[in-house]
Amino acid sequence: MNKGTYTYPDGSRYEGEMKDDQRNGKGIWTRPDGMKFEGEWKDNKPDGYGKLTMPDGSLREGYWKQGNFVGTVQQPDLEGRVKKLEQDVQYLKQELDNLRVQQPEEFLSLDKKKEKEPARQEMKHPFSVNASSPEKVSNLRTVVQAIDITKKFGRLTALNNVNLEVKQGEVYGFIGPNGAGKTTAIRILLGILKPTQGQGMVFGKDAWKDAVEIHRNVSYVPGEVNLWPELTGGEVIDLFVRLRGANNRSRREELIQKFDLDPSKKCGTYSKGNRQKVALVAAFASDADLYILDEPSAGLDPLMDRVFRECVMEAKQAGKTVFLSSHILSEVERLCDKVSIIRQGEIIESGYLSELQHLTRTSARLETRKPVPSLSQLKGVHNLQEDGQTYSFQVDTEELDSIIKYISRFDILKLESAPPTLEDLFMRHYEVVGGGS
Ligand SMILES: Nc1ncnc2c1ncn2[C@@H]1O[C@H](COP(=O)(O)OP(=O)(O)OP(=O)(O)O)[C@@H](O)[C@H]1O
Ligand SMILES: [Mg+2]
């Protein structure tokens, strides 16, 4: 029997008694993601009485029999969670320093570590897509699902009965104005927040209860990127990528170059756009099956926005799923297969872009030889502006045919129409919900 502290290649730490190099005995096992188990082990599994603290601060206390638990689960209090997260940050910073001091070689060549970590690979969810085997991609499964999610903050209903479903390999846009509830929904899907009602599901697992397991295959860019001011961009990228297990050094370098990021600067000195780049590089350098990106191109200039879109398309081509929020419609239009539009906590429209565009109005500009009487009275005509015999207006697509028949009687000189954009769709919803035209 040996007593001591052991640090595993995946960064997890064991403190206690060990037999035959196995976690056999009594001790505390802390994983980099914050999961902490205090108790007894047999054959590398919790066995006997023990306490398990999850990264979200929830606690299980009771008896384990070869990893199976019987006992009570206490949900975390918010203050406790914040405290826990602060402790985790401290712990991670310390771990990072230790690694750099103890094993600078290994820290720099993260690829080698992968070979030593078969256990983590095995833990991968069965839905995980391997880019080298496209046959697995063809079988589309539901990767993200919100089922009747309601979230209340006191009297405020931030989300009201939200439903959505994202399939494997889809790029899914979650669109809404400020305060619509995008970040709240994303936090629920990530198991950071608990829904008041309903359920978030990721990879077919419960977003709240199975958060730790789910997170192994999810890469996340938060809406507001706050980085540790004293660490450099490169260190933060390494830390995140390392926490996610598998990684690829050359991919990291490629992304840093593409995003034109100086990784040697301290995060405290980065501009908003550069902080966003750090988060994006960390997210895309990680090998995940699902990328959850909250307002990912906020703060990026058009050139970098293009780089970002390329990253999303590459992920999609590799069969990954991307769920991104935005209030920039043009971004979503160019990127996404499917969208959900959220306003004041309610999904007001959901579907494939091709379907949704049928619902929008066509913009038309018309010039006629004879004046067109009562055009504004016609069903389906909106926002008419007249300038002599030149008319600009919007048309409900389903009324287009009858309107063209009507105006053709007044000798059309010119008729221009623009295809409906999501912008129109969005504006129309604003009008409808706001009680406008
Ligand atoms: N922790 C919280 N406590 C109380 N209210 C909250 C909390 N988090 C969010 N809210 C409220 O819930 C609503 C939805 O906020 P949320 O951050 O999800 O919106 P969003 O769509 O992400 O907006 P933005 O585009 O500005 O990021 C807002 O009214 C917000 O004030
Ligand atoms: Mg937000």
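Strand 3 and strand 4 form a hairpin, with five residues between them. In its turn sits Gly34, which has a positive phi of about 100°. This is a predicted model, and the hairpin is a good place to start reading it. Strand 3 covers residues 25-30 and strand 4 covers residues 36-42. The two pair in the antiparallel sense over six bridges. Look across from Gly27 and you find Gly39 in strand 4.

Now follow the chain onward. Strand 4 also pairs with strand 5, residues 45-53, in the antiparallel sense over six bridges. Here Glu38 has Lys51 of strand 5 as its bridge partner. Strand 4 and strand 5 make a hairpin too, with two residues between the strands. In this hairpin Asp43 takes a positive phi near 50°.

Next comes a sheet. It is open, has six strands and shows mixed pairing. The strand order is 13-14-15-10-16-17. Strand 13 (218-221) and strand 17 (346-352) stand at the edges. Each has a single partner strand, so one side of each is left without a neighbour in the sheet. From one strand to the next, the twist averages 15°.

Start at the strand 13 edge. Strand 13 runs parallel to strand 14, residues 290-294, and four bridges join them. Val221 stands opposite Leu293 in strand 14. Helices pack here as well. Helix 9 lies across strand 13 and strand 14, and runs at about 175° to strand 13. Helix 10, residues 302-317, packs on the sheet and touches strand 10, strand 14 and strand 15. The direction of helix 10 makes about 150° with that of strand 15.

What lies inside? Nonpolar side chains tend to be buried together in soluble globular proteins. In this model the largest nonpolar core has 70 residues. Leu189, Val281, Ala282 and Ile292 have the most contacts inside it. Helix 9, residues 272-285, gives the most to this core, with eight residues. Take Ala282 as an example. Leaving aside neighbours within four places in sequence, Ala282 is in contact with Val236, Ile237, Phe240 and Val241. There is also a second, separate core of seven residues, including Ala364, Val381, Phe393 and Val395.

Finally, turn to ligand 1. Around it are 13 residues, and the closest are Phe153, Ala158, Lys182, Thr183 and Thr184. Strand 9 (156-167) and helix 5 (182-189) are the elements that give two or more residues to this shell. Helix 5 supplies the largest share, three residues. By class, the shell has four nonpolar, eight polar and one charged residues.

Technical notes
Residues are numbered from 1 along each chain as its sequence is written. Chains are lettered from A and ligands numbered from 1 in the order in which they are written. This is a predicted model: local features need pLDDT of at least 70, side-chain atom pairs count only at pLDDT 80 or more; totals for chains, interfaces and linings use all residues. A nonpolar core is a set of buried Ala, Val, Leu, Ile, Met, Phe, Trp, Tyr and Cys residues joined through C-beta atoms within 7 Å. A residue is buried if 20 or more other C-beta atoms lie within 10 Å of its own, exposed if 12 or fewer, and partly exposed in between; C-beta atoms are placed from the backbone. Two residues are in contact if their C-beta atoms, placed from the backbone, lie within 7 Å. Two strands pair if DSSP finds at least two bridges between them. A residue is near a molecule or strand if its C-beta atom, placed from the backbone, lies within 6 Å of it. Ala, Val, Leu, Ile, Met, Phe, Trp, Tyr, Cys and Pro count as nonpolar, Asp, Glu, Lys and Arg as charged, and the others, Gly among them, as polar. Axes are lines fitted to C-alpha atoms, for helices over the stretch in contact, and angles run from 0 to 180 degrees between N-to-C directions.
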